[in-house]
Each structure stands twice: as structure tokens, then as C-alpha cells.
Amino acid sequence: MEAAPDNWPRLVAEFRARPLGRHSADLQELLNRFRAEPIHGKPFLYMLEPHRRWALAHFSPEPPLTYTVDSETRFDSIEAAEWAVFRRRWQQRFGFDPAEG
């Protein structure tokens with residue numbers, strides 16, 4: 001497991017405040033690393049209703065590539081949905097939930 005960046009509280013606060021749109025160079029680099037990780041096991045957003053409702057989903061950890069939609073996670077805002085995915089990808093990479101620090 002990789003160590004979290006030294007400035008992680010600032011990165012988390014920045015993402016939480018503005019999950020969409022422009023980000024600082026440090027946060028954008030981190031998001032690019034999250035997005036470049038292998039797809040197997042990766043959490044992602046599944047759109048239930050176009051631009052209105054999302055759920056958390058995960059790709060299968062092993063081939064063949066399938067996915068599972070989490071029936072417990074439903075979001076009515078894209079910001080809340082993006083925050084949920086960010087938290088899970090952070091947890092996978094750094095081993096702790098950034099919301100619980």
C-alpha cells in the first residue's frame with residue numbers, strides 16, 4: 001500500500017469542496033493516478049437515471065470483466081456520487097478513508 005501524500009488533507013478538502021471542474025496541479029495528478037489504475041476491482045459510478053441518479057458499482061476483481069451495482073448506494077447529486085468514488089479509490093490506494101482521516 002502506498003503512503004498518502006504529505007499534503008493529503010488539503011487535497012481531500014479541495015476535492016470535497018469542488019469535485020467537478022478545475023483542480024490544482026497536485027489534485028489533478030492524484031486523480032489521474034486514480035483513473036489510470038487497473039480496471040479490475042475499481043469502483044465507478046453507474047448512472048441509474050440520466051443526469052439525475054447514480055449508484056456505486058465495482059468492476060470484478062478478476063477476468064472476465066463484469067460489474068456489480070451496489071444496491072445500498074444511491075446518489076441524487078453528482079457531487080455526492082463523485083465524493084463516494086473518490087473515497088473508495090483513496091481507500092484502495094492508501095488504506096484509509098480520507099473522510100475519517
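Buried means under 20% relative accessible area, exposed means over 50%, and partly exposed lies in between. All views below show a predicted model.

**View 1. The three-stranded sheet.** An open sheet holds 3 strands in the order S1-S2-S3, and the pairing is antiparallel. S1 and S3 are the edge strands, since each pairs on one side only. From one strand to the next, the twist averages 35°. Helix H3 packs on this sheet and touches S1, S2 and S3. The direction of H3 makes about 160° with that of S1. Strand S2 is mostly covered, with 5 of its 7 residues buried.

**View 2. The S1-S2 hairpin.** Strand S1 spans residues 43-49 and strand S2 spans residues 53-59. The two run antiparallel and are joined by 6 bridges. Within this pairing, Leu 45 stands opposite Leu 56 of S2. The hairpin has 3 residues between its strands. His 51 sits in that turn and has a positive phi of about 60°.

**View 3. The S2-S3 pairing.** Here 5 bridges connect S2 and S3, again in the antiparallel sense. Ala 57 stands opposite Val 69, a residue of S3. Strand S3 itself covers residues 67-75. S2 appears in this view too, and 5 of its 7 residues are buried.

**View 4. Thr 73 and its neighbours.** Thr 73 lies in strand S3. Its relative accessibility is 10%, so Thr 73 counts as buried. The side chain of Thr 73 reaches the backbone nitrogen of Leu 56, at 3.0 Å. Leaving aside residues up to four places away in sequence, Thr 73 touches Trp 54, Ala 55, Leu 56 and Arg 88. Leu 56 thus has two roles in these legends: Leu 56 stands opposite Leu 45, and its backbone nitrogen is reached by the side chain of Thr 73.

**View 5. The buried side of helix H1.** Helix H1 runs over residues 8-17, and its buried residues are Leu 11, Val 12, Glu 14 and Phe 15. These residues cover an arc of only 160° around the axis, so they lie on the same side of H1. What do the buried residues of H1 pack against? They pack against helix H2 (25-36) and helix H3 (78-94). H3 also packs on the sheet.

**View 6. Glu 2 and Arg 33.** The model holds 8 salt bridges. In one of them, the side chains of Glu 2 and Arg 33 meet at 2.9 Å, N to O. This pair links distant parts of the chain, with Glu 2 in the segment before H1 and Arg 33 in helix H2, 31 residues apart. Glu 2 is partly exposed, with a relative accessible area of 32%. Arg 33 has a relative accessible area of 28%, which means it is partly exposed.

**View 7. Glu 2 and Arg 93.** Glu 2 also forms a salt bridge with Arg 93, and the closest N and O atoms are 2.9 Å apart. This contact again links distant parts of the chain: Glu 2 belongs to the segment before H1 and Arg 93 to helix H3, 91 residues apart. Is Arg 93 buried or exposed? Its relative accessibility is 16%, so Arg 93 counts as buried.

**View 8. Arg 87 and Asp 97, with the Glu 2 network.** A further salt bridge brings together the side chains of Arg 87 and Asp 97, at 2.4 Å, N to O. Arg 87 is in helix H3 and Asp 97 is in the segment after H3, 10 residues apart, and the pair links distant parts of the chain. Arg 87 is partly exposed, with a relative accessible area of 24%. Asp 97 is buried, with a relative accessible area of 13%. Elsewhere, salt bridges that share partners join Glu 2, Arg 33, Glu 37 and Arg 93 into one network.

Terms used:
Residues numbered from 1 in each chain as written. Predicted model: local features only at pLDDT ≥ 70, side-chain atom pairs only at ≥ 80, totals over all residues. Heavy atoms only, no water. Pairing = 2+ DSSP bridges. Helix = DSSP H or I, 4+ residues; strand = E, 2+ residues; numbered from the N terminus. Buried < 20%, exposed > 50% of the residue type's maximum accessible area, 1.4 Å probe, protein only. Polar contact = N/O pair within 3.5 Å; in protein donor to acceptor, adjacent residues only side chain to side chain. Contact = heavy atoms within 4.5 Å. Arc of directions from axis to C-beta. Axes fitted to C-alpha atoms, helices over the stretch in contact; angles between N-to-C directions. Salt bridge = Lys/Arg side-chain N within 4 Å of Asp/Glu carboxyl O.
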